[in-house]
Amino acid sequence: AGHSLSLDENHQKQIKLPNKTIESSLGLAINGIVSGKIGRISKLCIGENYCWEQVISSFPDTLLIAYRDEKVDKQGSIGIGILERFVLTLDYTHQRCMLKPSKKYKNNFEIGFSGIELLMQIEPKKVFIASVHPLSEAYKAGLQAGDEVLALNDKVIRNFSLGDLYDFLDKKEGRQIYLLVKRKEELIVIAFKTKKLI
């Protein structure tokens with residue numbers, strides 16, 4: 001899973017929404033786009049040794065998870081935002097998981113600073129805006145879902161992988177972004193700075 005933490009707020013009374021949340025698209029699942037809220041929980045601990053503060057958590061809409069037929073008592077899930085902080089060893093013989101902190105262990109918890117979700121078509125290679133978060137600077141600058149991205153900061157889009165694009169757009173706050181996009185038959189330059197959403 002691409003998130004750090006996902007919690008089902010209706011599973012237990014102790015799971016509550018943070019005071020400040022934003023509505024967001026949380027990704028794709030088998031039944032389509034998952035929507036919900038994102039907020040920061042005050043603290044997350046795994047055992048006694050590993051704890052973080054101000055962890056970003058997703059809270060999927062209840063309607064999307066109410067009909068899961070699962071035999072496991074599942075209150076949520078941890079994803080790559082937590083797991084990448086460790087070197088993970090799965091010991092199947094002894095039915096245990098061993099954790100050793102990696103160099104990413106102390107990284108801050110952030111979501112993408114651009115507020116943009118992308119879709120890439122492989123042949124011919126094209127990149128489209130799938131969604132733009134309404135609280136983002138990109139949205140305020142006029143970027144729209146469906147826009148085809150032709151260039152990023154004067155570099156043609158075919159020189160980027162999807163991972164490269166996200167690394168450039170989402171890894172740093174305050175980065176100046178220039179996108180050349182095609183909307184119908186019109187070419188538009190969209191300029192904005194990346195900004196923390198929550």
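Me: What is the relative accessible area of Cys45?

Reply: Heads-up: this is a predicted model, where local features need pLDDT of at least 70, side-chain atom pairs count only at pLDDT 80 or more, and totals for chains, interfaces and linings use all residues. Residues are numbered from 1 along each chain as its sequence is written, and side-chain values use heavy atoms, with hydrogens and water left out. On the accessibility scale, buried means under 20% relative accessible area, exposed means over 50%, and partly exposed is in between (1.4 Å probe, protein chains only). Cys45 falls in the partly exposed class because its relative accessible area is 37%.

Me: Which residue does a disulfide join to Cys45?

Reply: A disulfide here is a pair of cysteine sulfur atoms within 2.5 Å, and searching the whole structure turns up 1 of them. Its S to S distance is 2.0 Å, and the link is right-handed, with 115 degrees about the S-S bond. The other end is partly exposed too, at 30% relative accessible area. Cys45's partner is Cys51.

Me: How far from Cys97 is the nearest cysteine sulfur?

Reply: Cys97 is in no disulfide. It's partly exposed, with 43% relative accessible area. The nearest cysteine sulfur belongs to Cys51, and its distance from Cys97 is 16 Å.

Me: How many bridges join E6 to E7?

Reply: Strands (E, at least two residues) and helices (H or I, at least four) are DSSP runs, numbered from the N terminus, and two strands pair if DSSP finds at least two bridges between them. E6 covers residues 86-91, E7 covers residues 96-101, and they run antiparallel. One of the bridges has Asp91 partnered with Arg96 in E7. The number of bridges joining E6 to E7 is 6.

Me: Which residue in the turn between E6 and E7 has a positive phi?

Reply: The two strands form a hairpin, with 4 residues between them. The residue in question isn't a glycine, yet its phi is about 50 degrees. It counts as exposed because its relative accessibility is 74%. That residue is Gln95.

Me: Where is Asn153 found?

Reply: Asn153 is a residue other than glycine with a positive phi, near 45 degrees. At 22% relative accessibility, Asn153 counts as partly exposed. Its place is the loop between E10 and strand E11 (155-156).

Me: What is omega for the cis peptide bond from Glu123 to Pro124?

Reply: Pro124 sits in the loop between strand E8 (116-121) and E9. The bond leading into it from Glu123 is cis, with omega near -15 degrees.

Me: How much space lies in the largest cavity?

Reply: On a 1 Å grid over the protein atoms alone, a cavity is a set of points where a 1.4 Å probe fits but cannot get out, and lining residues have an atom within 4 Å of a point. Grid points are joined across faces, edges and corners, and the volume is the space filled by probe spheres set on the points. The count comes to 1 cavity of 30 Å³ or more. The space in the largest cavity is about 50 Å³.

Me: Which elements give two or more residues to the lining of the largest cavity?

Reply: The lining includes Leu118, Val127, Ile129 and Val149. By class, it has 9 nonpolar, no polar and no charged residues (Ala, Val, Leu, Ile, Met, Phe, Trp, Tyr, Cys and Pro count as nonpolar, Asp, Glu, Lys and Arg as charged, and the others, Gly among them, as polar). Leu152 and Leu165 are also among the lining residues. The elements giving two or more residues are strand E9 (126-132), strand E10 (148-152) and helix H4 (162-170).

Terms used. On a 1 Å grid over the protein atoms alone, a cavity is a set of points where a 1.4 Å probe fits but cannot get out, and a pocket is an open set with protein on both sides within 12 Å along at least five of seven lines; lining residues have an atom within 4 Å of a point.
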